[in-house]
Amino acid sequence: KTGATGEALEGMQDIVDSLATSMPTTFDEAAQAVGEVNTRFGVTGDDLQTLSEQFLKFAQLNDTDVSSSVDSVQKALAAFGLSAEDAGMMLDTLNAVSQSTGIGAEKLSDLMTSNAATLSEMGLNAQQAASFLGEVEVSGADVSQVMSGLQKALKNATDEGVPLDEALANIQNSMKNAGSEADGLAAAYELFGTRAGAAIYNAVQNGSLSFEDLGKAAEDNLGSVCDTFAETQDGIDQLTPAFNALKLAGAE
């Protein structure tokens, strides 16, 4: 994976052994994680071990291949101008939003990457973007149409000097508190087009989508991967690292 030799390779092999004997994974999966994380993020030592462990837990929780998880998350981080230091936050956010909405974590990560430019122009950070995209997917609306409508509405508000949170509240109010259903639908059609407008209007009305919450950071997501992983462990999971330790001792 890395092309490393000598002491650098031995250091990574030691990390693989440590991961395989401290958590329920295989030596092969641990090696994939360490190799991909080192190559993609350029981290070594304790940082490499910590981030590799987070990716292994994330991949198990979300039933994904660890290598593809590293790939998709790294692309999402780059799209939002973030670095390896933010990878743990991104994993926690993706995991928490996936749990709360049912949207696959990798699909959510890909949506963040493809819509990063628009979301960043709207002033949203990665956590806010992930939460909102999860809600849009659940609402059944077309993400690209929602992004286009929001971008237009917020640009007009910005040009008029209206703050982001106030502009979002106005969008919510125009649909939720309209004089009649026809007025609410008309406001939704104007913002998002006839195809996505009805789905957005219904989602706002039933509370599954909230533009007022869009500007709020999802700080509660932090720690999601480690906490959820710990809650899912059973007796067999706890035996796996012990068997791996026996394999390692036998190999040596």
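Buried residues account for 45% of the 252 residues in the chain. The model is predicted, and its secondary structure consists of 12 helices and 0 strands. From the N terminus on, the order of elements is accordingly written α-α-α-α-α-α-α-α-α-α-α-α.

**Overall dimensions and contacts**

Taken along the principal axes, the C-alpha atoms of the chain fill a box of roughly 75 × 35 × 25 Å. The accessible surface of the chain amounts to about 12000 Å², and carbon and sulfur atoms contribute 47% of this surface. Among contacts with a separation of 6 or more, 68% join residues that lie 24 or more positions apart.

**Helices named in this report**

| Helix | Residues | Detail |
|---|---|---|
| α2 | 27-41 | 15 residues, 21 Å from first C-alpha to last |
| α10 | 181-206 | 10 residues given to the largest nonpolar core |
| α12 | 235-251 | place of L246 |

**Helix α2 and its surroundings**

Helix α2 reaches 21 Å from its first C-alpha to its last, close to the 21 Å expected at 1.5 Å a residue. Its buried residues are A30, Q32, A33, V34, G35, E36, V37, N38 and F41. The list thus includes the side chains of Q32, E36 and N38 along with those of V34, V37 and F41. Against which helices do the buried residues of α2 pack? They pack against α1 (6-20), α3 (45-61), α4 (66-79) and α5 (87-101). Just after α2, G42 adopts a positive phi of about 70°.

**The largest nonpolar core**

The largest nonpolar core has 70 residues, of which M175 and F211 touch the most other members. Helix α10 (residues 181-206) gives the most to this core, with 10 residues. Leaving aside residues up to four places away in sequence, M175 touches G184, A187, A188, F192, I200, Y201, V204, Q205 and F211. M175 and F211, the two members named above, are therefore also in contact with each other, as heavy atoms within 4.5 Å count as a contact.

**A nonpolar patch on the surface**

On the surface, I236, L239, F243 and L246 form a nonpolar patch, and together they have about 440 Å² of accessible area. One of these residues, L246, is located in helix α12 (residues 235-251). Is L246 buried or exposed? L246 is exposed, because its relative accessible area is 60%, and the term applies to values over 50%.

Technical notes. Residues numbered from 1 in each chain as written. Predicted model: local features only at pLDDT ≥ 70, side-chain atom pairs only at ≥ 80, totals over all residues. Heavy atoms only, no water. Patch = residues over 30% accessible without salt bridge, like charges linked within 9 Å, V, L, I, M, F, W, Y side chains within 5 Å. Areas by Shrake-Rupley, 256 points an atom, 1.4 Å probe, with all protein chains shown as cover. Salt bridge = Lys/Arg side-chain N within 4 Å of Asp/Glu carboxyl O. Helix = DSSP H or I, 4+ residues; strand = E, 2+ residues; numbered from the N terminus. Buried < 20%, exposed > 50% of the residue type's maximum accessible area, 1.4 Å probe, protein only. Core = buried A, V, L, I, M, F, W, Y, C linked by side-chain atoms within 4.5 Å. Expected span 1.5 Å × (residues − 1).
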